[in-house]
Amino acid sequence: MNVFIPALKDENPFFDEIMLHSKHTYIFDIYKNYKPTYKVVLIHWPEQIFDWKEPSNDELIELENAIDIWKQKSKILYVVHNIERHFGMTENFRKLYQIIVDNCNTMIHMGNYSSNLFKDKYPSKKHQIINHPLYQNSFTIFSKDEARKKLNISKDAVVIIAPGAIRNKEESKLVLNAFRGLKTKNKVLIVPRMLPFEFPFEFKGRTFLKRIIDIKKYYLSFKDWQYKKPTYYFNYNFLEQDDLALLMSASDIVFIPRIKILNSGNVFLAMTYKKIMLGPNQGNLTEIFKLFKLPYFNPKEKSSISKAMSDAFLLFNENKFKYDAILLNKYSPAVLANEWDNLIN
């Protein structure tokens, strides 16, 4: 069966893992190129329909008209990746989300928290839980020694990695403070998509003063000096998958520094590499941490974050932690692709 995804294919490999094992064919295209022969329309992120740009009122009306046509021949599935956009949730983006929720037949959730939350709000919808898959085919796994040799990281260091883009100052402070609070001398922090540091001191006369000294340039160069190798491995731009794979392979502990979140692909990236991880007790993440007996924290409490980091470090030092193979297999792409096929059938 051909399943229509009304968006152009992006670089996120999340669904590639499913498509590799699925019996169905997934067609990525702009929403206006829908065909009545498509029995299923699958929507991941509503804003992806408009190439992540804010739709106008006219575009929203056009989309609603298109959906009316879809509903005549197709079932609409909506994957609840998040409750709202991470950045810039405008009025029209809210309308877009609501249009998708109102018109879908089935909502697919990646955990019980999400399922229960939306069941209460939309009891007439069908709700299905299908987990996020591991990234078994998307990322190379290097040996830790090989990765550290290539990155020039000491083989004896405790390496913490915070994968994914750091989205705001609160998350930046969260990861930096948690790392500083870890009580060990030989430690390394890797942040593949760090939030660029900003100049916080604007004042009258700064432009005139630049003739003598550029305080902003001096401040930012100080930040570069402060967060440098061999303790800090910061990158501020998009990384290719092979580069991220090398960094993940070199790490010991994966830190998820989110303040507010429903799902996180980085959790499953950590599971793919079988790394000890810790993260916030938010959304669907808490049940994953509980299932594998991993530390989690309240992102609003410093003591909770500090304890979770210490607990993760203790697990690493004990060298006894292993993911339960049977539980981990529930997240294998082949198993989950079968669940997707059953739902689509």
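**Close-up A. The lining of the second largest pocket, sorted by residue class.** In this predicted model, the lining of the second largest pocket is made up of six nonpolar, five polar and five charged residues. The pocket itself has a volume of about 420 Å³. Of the 16 residues that line this second largest pocket, Glu84, Arg85, His86, Lys260 and Ile261 are the closest to its centre, and these are the residues to look for when the view is centred on the pocket.

**Close-up B. The largest pocket and the residues at its centre.** The largest pocket has a volume of about 1300 Å³, and its lining consists of 36 residues. Among these lining residues, Asn12, Trp45, Gly164, Ala165 and Arg167 lie nearest the centre of the pocket. When the lining of the largest pocket is divided by class, 17 residues are nonpolar, 11 are polar and eight are charged.

**Close-up C. Helices that contribute to the largest pocket.** Two elements, α9 (241-250) and α10, each supply at least two residues of the lining of the largest pocket. The largest share of this lining comes from α10, which provides three residues.

**Close-up D. The largest cavity and its lining.** A search of the whole structure finds three cavities of 30 Å³ or more, and the largest cavity, shown here, holds about 80 Å³ of space. Its lining is formed by Lys9, Asp10, Asn12, Phe14, Phe15, Asp16, Phe28, His44, Trp45 and Gln48. By class, the residues that line the largest cavity divide into four nonpolar, three polar and three charged. Asn12 and Trp45, which are part of this lining, are also among the residues nearest the centre of the largest pocket, so a reader moving from Close-up B to this view will meet those two names again.

**Close-up E. The second largest cavity and the helices beside it.** About 50 Å³ of space lies in the second largest cavity, and the residues that line this cavity are Met110, Asn263, Ser264, Val267, Phe268, Asn284, Leu285 and Ile288. The elements that give two or more residues to this lining are α10 (265-272) and α11 (285-291). Sorted by class, the lining of the second largest cavity contains five nonpolar residues, three polar residues and no charged ones. The helix α10 thus appears in two of these legends, as a contributor to the lining of the second largest cavity and as the source of the largest share of the lining of the largest pocket.

Definitions and conventions: Residues numbered from 1 in each chain as written. Predicted model: local features only at pLDDT ≥ 70, side-chain atom pairs only at ≥ 80, totals over all residues. Heavy atoms only, no water. 1 Å grid on protein atoms, 1.4 Å probe; cavity = no way out; pocket = protein on both sides within 12 Å on 5 of 7 lines; lining within 4 Å. Points joined across faces, edges and corners; volume = space filled by probe spheres on them. Nonpolar A, V, L, I, M, F, W, Y, C, P; charged D, E, K, R; others polar. Helix = DSSP H or I, 4+ residues; strand = E, 2+ residues; numbered from the N terminus.
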